[in-house]
Amino acid sequence: MDTGGTFTDCVFEREGALRIVKVPSTPRNPVEAIAEALSRIFASQPLEKGGELELVCGTTVGTNALLERRGGRVALVTTAGFEDVIEIGRQARPRLYDFFVEKPAPLVPRDLRFGMRERVGADGRAILRPGLREIRRAVRWVERSRADSVAICLLFSFANPAHERALARALRARGFCVSVSHEILPEFREFERTATTVVNAYLVPVMSGYLGDVEQHAARESRRARVRIMQSSGGIVSAAVAAREPVRTILSGPAGGILGASYVAKLAGCERIITFDMGGTSTDVALVNRELGTTNESQVAELPIAVPMLDIHTVGAGGGSLARFDRAGALRVGPESAGADPGPICYGRGERPTVTDAHLLLGHLAPEGFLGGEFVLDERRTREWMERARGPMRSVETFAQGILDVADAVMEKAIRVISIERGYDPRDYALVAFGGAGGLHACSLAQVLGMPWVLVPQFPGGLSALGILRADVVKDFSQTVRLAVSGSPAMREQLRREFARLEQHSGREMRAEGFSGPQLRLERWLDLHYVGQAYELSVRLGPNYLRDFHRAHERRYGYADPARPAEIVNVRVRMSGGTPKPSLRGERASGANARAAMAATRRSIFAGRGLDAALYERTKLRPGNRFRGPAIVGEYSATTLVPPGWRARVDAIGNLILEPPR
């Protein structure tokens, strides 16, 4: 399951074949959409008696709770004198020259921050130990705070967590949900560690209730039900772990999309891709250069999240993004969205123009709509409301084209952020387009960026769910070490000890998930920087890790200085356990002509020109089929637009490969 802002997508395996079900999301209670999808799946074929249901979910519940500030009431216990770290933050500002910028209010107000009399030095030595009396004082204060959840973040606890452990034991004994920084993020940088721990505590009440409901619905379908949740890092964990550490699930849906895109691209023989996931509410883009890229420096709702995440850039442009004119008369698209309710005008309830409405008026969508006819599109109603909203535009078609041009500009900028701004040339990459609206904009974006081809996979509207279904169970652990790179035996021995400790801990966690021994795969990483720098780059641990760091530094920043001393800041361990993976089936190339899949033609507008576009049914296209644009390829979960001059072919596993005019 992938719960999005507009639709909840479900990919499931039945009789060896993959199927897809999409239902409208229910933002007020996301579990209702999951229950509806499960009931549809098992209505036609109930689960066998004694059968086991494995439900793997990607969720936006944590993200939405942060964006809408609907988390729990959190109390923060920190070292006395450091209660305001979470509010002071960093010097960096998102809008440097905006005189009227306002920082978002901290998740923990001042009266819910408590300073405990204790102190650990930077070397981990206990300077002031909190006695039993001080711990009891902190517990009494938390009890009076009426907090739903507690965050503990003491100074330098990553070097010596003894004081945090003592306080956490006392609070848990009194029944509190406690998030502890040395368990969530045992790394230096006080603000990021405090903020990440607080976000975790803030989400625990919301996510634990949501995941409990999901497990209940799964249990109704099967007594042997197991629920796992997608993490932002590209791995899955049990619902119990996700409820305890929800900060790791904030970008779980988009992470599934990258896994799915990487899988289908490798089947097509391509390992260098830019993923383009355009849904109803937002667009997520990522660059995959043979392996998935992760980052520990993310921000969600202007809050730093320092746990590992796939390196995803998100913008507020989707099929449901609302179009409007600002005070200066400029046309804007997004980030506000019509969502699932009321949705675009053409769905029958909305009254404000969206990207989907613009496509319909330009003839880019089949009027019978989506989901096998469940969503019939109302073109007459759309034209009426768009006419009212077109403002100074000379015609409703000009207004519609303007909406698409603005949306394209927003998404093009997003792709440039994760490619050109980081030293990668998009002309060396294929664009993998998915999500319900990805195929409608892929060709125009690829053309302006000079990308050589576009891949639209099977199930484009459910590829994130397919990626989630294929994910491995993954655990990430880290530790700050601050070691000068010297190559000395003492340095190597300390590294060995740190990795051994993390691997022992991750092994215990993986056994709790049901994995051990040869089922496990281990990765070791180092965060390095030049001495005096404030930010790090991650490289795999290997015999040439220092050389790899210099190369990575040159790619990211344009220079490297091998003569300058380097420092290992953090060590990281990623342990994963493989899961059974459903696969897409290939077919031999068919001798049939693509005309067999052509249903009709539709008058469409491309860059102001009216042309007759061929309508193709995706389910009737076979491997080996070829055709040219202008064309519209419709299917259950999405629509793909092939502009004039573009060439399309179907590969062995049913991917649509689109190539620009020569």
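**View 1. Cysteines without partners.** A search through the whole structure, which is a predicted model, turns up 0 disulfides. Cys177 takes part in no disulfide, and the cysteine sulfur nearest to its own, that of Cys153, lies 18 Å away. Cys177 counts as partly exposed, at 40% relative accessibility. Turn next to Cys443: its sulfur sits 16 Å from the closest cysteine sulfur, which belongs to Cys270, and that is too far for a bond. For comparison, a disulfide needs two cysteine sulfur atoms within 2.5 Å. Is Cys443 buried or exposed? Cys443 is buried, with a relative accessible area of 1%.

**View 2. A salt bridge between two loops.** Welcome to one of the salt bridges in this model, which holds 47 of them. Here the side chains of Glu536 and Arg189 meet, at 2.8 Å from N to O. Glu536 belongs to the loop between β25 (520–530) and β26 (537–540), while Arg189 belongs to the loop between α6 (181–184) and α7 (190–221), so this pair ties together parts that are 347 residues apart in sequence. Glu536 is buried, and its relative accessible area is 12%.

**View 3. Arg332 meets Asp326.** Another salt bridge joins Arg332 to Asp326, and their closest N and O atoms are 2.9 Å apart. Both ends of the pair can be checked for cover. Arg332 is partly exposed, at 41% relative accessibility. Asp326 is partly exposed too, with a relative accessible area of 23%.

**View 4. A salt bridge along helix α15.** Look here for Glu493 and Arg496, which form a salt bridge whose closest N and O atoms are 2.7 Å apart. Where do Glu493 and Arg496 lie? They are found in helix α15 (residues 489–512), 3 residues apart, so about one helical turn separates them. Glu493 counts as partly exposed, with 31% relative accessibility, and Arg496 counts as partly exposed, with 49%. Elsewhere, salt bridges with shared partners link Glu54, Arg226, Arg228, Lys475, Glu509 and Glu513 into one network.

**View 5. Four arginines in a positive patch.** On the surface, a patch of positive charge brings together Arg133, Arg136, Arg140 and Arg144. To get your bearings, pick out Arg144, which is part of helix α4 (residues 132–145). Arg144 is exposed, with a relative accessible area of 59%.

**View 6. Three tyrosines in a nonpolar patch.** Which residues make the nonpolar surface patch of about 350 Å²? They are Tyr535, Tyr557 and Tyr559. Tyr557 can be traced to helix α16, which covers residues 545–557. Its relative accessible area is 42%, so Tyr557 counts as partly exposed.

**View 7. Tyr202 in helix α7.** The last view turns to Tyr202, which has its place in helix α7. Is Tyr202 buried or exposed? Tyr202 is buried, with a relative accessible area of 5%. If you would like a sense of scale, try the step from Tyr202 to Asp284: the two are 82 residues apart in sequence, and their C-alpha atoms are 25 Å apart in space.

Terms used: Residues numbered from 1 in each chain as written. Predicted model: local features only at pLDDT ≥ 70, side-chain atom pairs only at ≥ 80, totals over all residues. Heavy atoms only, no water. Patch = residues over 30% accessible without salt bridge, like charges linked within 9 Å, V, L, I, M, F, W, Y side chains within 5 Å. Areas by Shrake-Rupley, 256 points an atom, 1.4 Å probe, with all protein chains shown as cover. Lys, Arg positive; Asp, Glu negative; His and termini not counted. Charge placed at Lys NZ, Arg CZ, Asp CG, Glu CD. Helix = DSSP H or I, 4+ residues; strand = E, 2+ residues; numbered from the N terminus. Buried < 20%, exposed > 50% of the residue type's maximum accessible area, 1.4 Å probe, protein only.
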